Amino acid sequence: MKAKIIYFSQQGGTQTIAEQIGVGIRTAGDDCDLAALKDTDPSNPGDFDLLGIGCPVFFFKEPFNVSDFMDALPRVDGKYAFVFITHGATPAGTLASMWKRLEDKGYHVLGAHNSYSDSHQIPIYPYPTHTTGHPDEQDRAEARAFGQKMAEISRRISAGETNLIPEPIAAPEGWWTEQSIALDRESLAETFPKFSIDPDRCTECLICEEVCPVDGIGVQEEQPRIQNPCIFCFHCVMQCPEVAIQADWESLMHLVPEIFERYFNNLDAAEKRGEFRRITAREDIHIDDPIFKQRERERAARDGKE
Ligand SMILES: Cc1cc2nc3c(=O)[nH]c(=O)nc-3n(C[C@H](O)[C@H](O)[C@H](O)COP(=O)(O)O)c2cc1C
Ligand code: SF4
Ligand code: SF4
């Protein structure tokens, strides 16, 4: 049996989990290829019997480039699949949504896996943050066990065993899932301040163009283009070595205390259920010192202005 894992990962957490799931599949005795989503043509995703798709959770759902990719896959008959995510405390209905997208394409979905993972990419959030330290060795071991299980189940089904295909998982009811439906591309475009590139800082290194997952930036075009289209991932902002991509982040800072209160409540509950292991202490998370301010300080220090 041949497996293929296609993943989207910007900060490395999902890639780590994808690699460990691959190790588990190979431990079960099967071949497993890994490919980045951006390098894969959805209309021709490759040759496999078992497909795994993984991504981070953005805005309580799979990122728009991932949902677009899944919707563009060809229909299949009789192939197996699984889904996996990494997230920072509020996955909401992401796995249920990804599961359904694959089922709609004809896949028999065999399972879903989720892992907490670090986040250093939301400019108005602090760093370190509530999931800093994840995925740790236990998360990696759980991913390997999941991969092994997916390979073994698909092989047993192929050998004729029945009743091994699970019922689809359901999205949890509540505020987060409602938000995930409300936050479409248009509402996110209204929520976030527009980016601009500071011409005095930009060195035209083109890193932002290279890292944008949807080719949304054209720095050297006659009419420089930024955020068109956009999945609101903030990767360009975080990767620009000159801190040249700017926005009015201060205008969103009033939202942070309430959001973090919700995260902390979620994590307290998950910790009590034994589903979360706190690695970074709450007192080490400074919500009044967001990443966008930290980056400005680092830039000033680099340029000898501090
Ligand atoms: C733009 C953005 C939105 C995010 N939204 C959520 C979210 O709704 N729920 C959540 O649990 N984590 C959220 N996160 C955290 C990421 O899901 C988490 O850091 C993920 O593990 C990153 O994966 P990667 O390391 O593979 O890029 C968000 C991160 C970013 C950058
Ligand atoms: S990454 Fe920053 S410095 Fe480099 S081209 Fe983009 S905006 Fe300019
Ligand atoms: S323009 Fe920036 S924020 Fe938008 S998708 Fe590209 S990298 Fe992400």
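Here are four short exercises on the structure above, each with a worked solution.

This is a predicted model, in which local features need pLDDT of at least 70, side-chain atom pairs count only at pLDDT 80 or more, and totals for chains, interfaces and linings use all residues. Residues are numbered from 1 along each chain as its sequence is written, while chains are lettered from A and ligands numbered from 1 in the order in which they are written.

**Exercise 1. Find the domains and describe how they meet.**

Start with the bounds, which come from an automatic or database domain assignment: domain 1 covers 2–158 and domain 2 covers 183–302. Next, take the C-alpha centres of domain 1 and domain 2, which lie 23 Å apart. Then look for contacts (C-beta atoms, placed from the backbone, within 7 Å): 28 residues of domain 1 touch 32 residues of domain 2. Finally, sort the domain 1 side of this meeting by class: 15 nonpolar, eleven polar and two charged residues. Here Ala, Val, Leu, Ile, Met, Phe, Trp, Tyr, Cys and Pro count as nonpolar, Asp, Glu, Lys and Arg as charged, and the others, Gly among them, as polar.

**Exercise 2. Work out where ligand 1 lies relative to the two domains.**

Begin with the shell, taking a residue as near if its C-beta atom, placed from the backbone, lies within 6 Å of the ligand. Ligand 1 has 25 residues around it, and Gly13, Thr14, Pro56, Ser117 and Ser119 are the closest. By class, eleven are nonpolar, 14 polar and no residue is charged. Helix 1 (13–27) gives the largest share, three residues. Helices (H or I, at least four residues) and strands (E, at least two) are DSSP runs, numbered from the N terminus. Now the last step: domain 1 and domain 2 both give residues to this shell, so ligand 1 lies between them.

**Exercise 3. List the nearest residues of ligands 2 and 3.**

For ligand 2, pick from 13 surrounding residues: Cys202, Cys205, Ile207, Cys208 and Cys240 come nearest. Its shell holds ten nonpolar, one polar and two charged residues. For ligand 3, also with 13 residues around it, the nearest are Cys212, Gly216, Cys230, Cys233 and Cys236. That shell has ten nonpolar, three polar and no charged residues.

**Exercise 4. Identify the buried residues of helix 2 and what covers them.**

Call a residue buried if 20 or more other C-beta atoms, placed from the backbone, lie within 10 Å of its own. In helix 2 (residues 64–71), Phe64, Val66, Phe69 and Met70 pass. Their cover includes strand 3 (50–56), helix 3 (94–104) and helix 6 (185–191).

Definitions and conventions
Buried ≥ 20, exposed ≤ 12 C-beta atoms within 10 Å, placed from the backbone. Contact = placed C-beta atoms within 7 Å.
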